[in-house]
Amino acid sequence: MSDQGSTPPPPPPPPPPPPPGSGDGGFSAPPPPDSGDGGYGGGYGAPPPPGGGYNAPPPPMGGGPVDHPKGITVLVLGILSLVCCSPLGIVALVMGNNALKEIDAQPGRYSNRQIVQIGRILGIIGIVFLVITIIWFLFLGGLTALSGSN
């Protein structure tokens with residue numbers, strides 16, 4: 001056979017490109033050393049990943065529980081009933097009871113039950129202060145009435 005008129009076979013096709021997003025740019029990482037320590041020496045294991053040892057899970061995509069809209073209001077009213085205006089304790093108690101009923105009716109919907117409870121308890125303490133104040137004024141009024149009759 002003669003090779004004079006024949007053409008050489010075509011070269012083999014180039015290898016396919018890496019899939020997009022592989023990020024290695026055509027290069028692969030070197031194989032890990034055989035010591036089992038990740039190449040850090042000393043017989044210790046590889047260091048933990050950066051960012052700490054505990055990674056909190058992300059919030060659920062469907063929207064988790066939300067704060068009850070009256071939660072902070074009940075807390076503020078309870079605090080104000082202790083600090084400056086005891087009759088606000090009545091409002092804090094009533095609003096807190098209503099909010100707790102709504103939270104208990106739908107347990108997974110609201111997340112600030114403790115805030116509502118704290119505001120409600122502060123409202124109760126404010127009411128106790130109000131009652132003590134009323135009793136004190138009545139007592140003082142009785143004393144002035146008795147002492148003024150001389």
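**Entry 1: aromatic pair**

I started with the rings and found one aromatic pair in the structure. The partners are W136 and F139, with ring centres 6.1 Å apart and planes at 35 degrees, so I wrote the pair down as tilted. The angle falls between the 30 degrees below which planes count as stacked and the 60 above which they count as edge-to-face. A reminder to myself: this is a predicted model.

Where do W136 and F139 sit along the chain? They are three residues apart in helix 3, so about one helical turn separates them. I also looked up the cover on F139: its relative accessible area is 47%, so F139 is partly exposed.

**Entry 2: overall layout**

Next I stepped back to the whole protein. I counted three helices and zero strands, and from the N terminus the order reads α-α-α. Of the 150 residues, 15% are buried. The accessible surface comes to about 11700 Å², and carbon and sulfur atoms account for 69% of that surface.

I then checked the contacts between residues at least 6 apart in sequence: 62% of them join residues at least 24 apart.

**Entry 3: nonpolar core**

Which residues make up the largest nonpolar core? I listed five: A99, L100, I103, Y110 and V116. Helix 2, residues 88-105, gives the most to this core, with three residues.

I followed A99 a little further. Leaving out residues up to four places away in sequence, A99 touches H68 and V116. V116 is itself one of the core residues.

**Entry 4: nonpolar surface patch**

On the outside I found a nonpolar patch of about 750 Å², made by I79, L82, V83, I121, I124, I125, V128, F129 and I132. Helix 1 (71-83) and helix 3 (113-148) are the elements that give two or more residues to it. Which helix gives the largest share of the patch? That is helix 3, with six residues.

I picked V128 as an example from the patch. V128 lies in helix 3, and its relative accessible area of 43% makes V128 partly exposed. Patch residues need over 30%, so V128 clears that cut-off with its 43%.

**Entry 5: two loop residues**

Is S86 buried or exposed? I placed S86 in the loop between helix 1 and helix 2. At 17% relative accessibility, S86 counts as buried, because the cut-off is under 20%. Setting aside neighbours within four places in sequence, S86 is in contact with S81, G126, F129 and L130. F129 also belongs to the nonpolar patch of Entry 4.

The other loop residue I looked up was N112, in the loop between helix 2 and helix 3. N112 has 4% relative accessibility, so I filed N112 as buried as well. With neighbours within four places in sequence left aside, its contacts are D67, H68, G71 and I103. Two of those names were already in my notes: I103 is in the nonpolar core, and H68 is touched by A99.

**Entry 6: salt bridge**

My last search was for salt bridges, and the count is one. R113 forms the bridge with D104, and the closest N and O atoms are 3.2 Å apart. How exposed are the two partners? R113 has 31% relative accessibility and counts as partly exposed. D104, at 47%, counts as partly exposed too.

Key. Residues numbered from 1 in each chain as written. Predicted model: local features only at pLDDT ≥ 70, side-chain atom pairs only at ≥ 80, totals over all residues. Heavy atoms only, no water. Core = buried A, V, L, I, M, F, W, Y, C linked by side-chain atoms within 4.5 Å. Buried < 20%, exposed > 50% of the residue type's maximum accessible area, 1.4 Å probe, protein only. Helix = DSSP H or I, 4+ residues; strand = E, 2+ residues; numbered from the N terminus. Contact = heavy atoms within 4.5 Å. Patch = residues over 30% accessible without salt bridge, like charges linked within 9 Å, V, L, I, M, F, W, Y side chains within 5 Å. Areas by Shrake-Rupley, 256 points an atom, 1.4 Å probe, with all protein chains shown as cover. Salt bridge = Lys/Arg side-chain N within 4 Å of Asp/Glu carboxyl O. Phe/Tyr/Trp six-rings, centres within 6.5 Å; stacked < 30°, edge-to-face > 60°.
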